[in-house]
Amino acid sequence: DAREVWRHDASGVTVTAVAVHHEPVPEAVAYRVDSPAGSVVISGDTRVCREVEDLSRGADLLVHEACRATAMRDAIAGTVFEKIFSYHADTVSLGASAERAGVPHLVLTHLIPSPADETEEQGFVDDVRAGGYGGRVTVGRDLMTFQVSNNV
């Protein structure tokens, strides 16, 4: 279950954490940062799971790792990547989860495989849309920043 791990009463900021599923790597967690301005959930390394979906309900922004496992299923069959992909978040399933959680903006990060260009980035977006996600999707790049607001 999710639990508060940090609070700053003067600013109204709280951080909540929940264990996620990144087996065989133990002790993986996702975080939710709530502030008067808005809420952000950061998945950390995990497969798509109910814990992140539940933590994301009512959040303004979900930053989630993304792996194109469905799109690459045939190409990785029987290779070491098949096992690696099994404990990362499939983009199609992620789209469905983010839609169920009602998150208005999804940022994809820790991209597997790393896209070489905008066409390959679009593949991540297309996968998320195939999962049914109708909100804003951003394929994350290093040093991107985002501003959240409860007014938007």
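## Elements of the Fold

Helices, which are H or I runs of at least four residues, and strands, which are E runs of at least two, are taken from DSSP and numbered from the N terminus. In these terms, Gly102 stands just after helix α4 and takes a positive phi of about 75°. The structure described in this report is a predicted model.

The secondary structure of the chain consists of five helices and seven strands. Read from the N terminus, the order of the elements is β-β-β-β-α-β-α-α-α-β-α-β. The radius of gyration is 15 Å, close to the 15 Å that the globule rule gives for 152 residues, so the chain is as compact as a globular protein of that length.

## Overall Dimensions and Surface

Along the principal axes, the C-alpha atoms fill a box of roughly 55 × 35 × 30 Å. Among the contacts in the chain with a separation of 6 or more, 53% are between residues 24 or more positions apart. Of the 152 residues, 44% count as buried.

The chain exposes about 8400 Å², and carbon and sulfur atoms supply 52% of this area. The side chains include 13 positive and 23 negative ones, and the centres of these two sets lie 4 Å apart.

## The Nonpolar Cores

In soluble globular proteins, nonpolar side chains tend to be buried together. In this chain, the largest nonpolar core has 24 residues, of which Val20, Val52, Leu62, Leu106 and Leu108 touch the most other members. At least two residues of this core come from each of α1 (50-56), β5 (61-67), α4 (91-101), β6 (105-112), α5 (118-130) and β7 (136-139). A second, separate core holds five residues, among them Ala69, Ile76, Phe85 and Ile112.

Leu106 illustrates the surroundings of a residue in the largest core. Apart from its neighbours within four places in sequence, Leu106 is in contact with Leu62, His64, Leu94, Ala98, Val128, Tyr133, Arg136, Val137 and Thr138.

## Helix α4 and Its Cover

The buried residues of α4 are Thr91, Leu94, Gly95, Ser97, Ala98 and Ala101. An α-helix has 3.6 residues a turn, so residues three or four places apart point the same way. The cover over the buried residues of α4 includes the helices α1 and α5 together with the strands β5 and β6.

## Two Residues of Strand β7

Val137 lies in strand β7. A residue counts as buried when its relative accessible area is under 20%, and Val137, with a value of 16%, is therefore buried. Leaving aside neighbours within four places in sequence, Val137 is in contact with Leu106, Leu108, Val125, Val128 and Arg129. Of these partners, Leu108 is 29 residues from Val137 in sequence, while the C-alpha atoms of the two are 7.5 Å apart in space.

Thr138 is also found in strand β7. Its relative accessibility is 11%, so Thr138 counts as buried. Not counting residues up to four places away in sequence, Thr138 touches His105, Leu106, Val107 and Leu108, as well as Met144 and Phe146.

## Backbone Exceptions

Most residues other than glycine have a negative phi, and most peptide bonds are trans. Two cis peptide bonds in the chain deserve attention here. One of them joins Glu23 and Pro24, with an omega of about 20°; Pro24 is placed in the loop between β2 (13-19) and β3 (29-35). The other joins Ile112 and Pro113, with an omega of about -5°, and Pro113 is placed in the loop between β6 and α5. Ile112 is also one of the residues of the second nonpolar core.

Positive phi values occur at His110 and at Leu143, neither of which is a glycine. His110, with a phi of about 50°, lies in strand β6 and counts as partly exposed at 37% relative accessibility. Leu143, with a phi near 70°, lies in the segment after β7. The relative accessible area of Leu143 is 84%, so this residue is exposed.

Conventions:
Residues are numbered from 1 along each chain as its sequence is written. This is a predicted model: local features need pLDDT of at least 70, side-chain atom pairs count only at pLDDT 80 or more; totals for chains, interfaces and linings use all residues. Side-chain values use heavy atoms; hydrogens and water are left out. The radius of gyration is taken over C-alpha atoms; the globule rule is 2.2 Å times the number of residues to the power 0.38. Buried means under 20% relative accessible area, exposed over 50%, partly exposed in between (1.4 Å probe, protein chains only). Contact means heavy atoms within 4.5 Å. Accessible areas come from the Shrake-Rupley method with a 1.4 Å probe; for residues, only the protein chains shown count as cover. Lys and Arg count as positive and Asp and Glu as negative; His and the chain ends are not counted. The place of a charge is taken as NZ of Lys, CZ of Arg, CG of Asp or CD of Glu. A nonpolar core is a set of buried Ala, Val, Leu, Ile, Met, Phe, Trp, Tyr and Cys residues joined through side-chain atoms within 4.5 Å.
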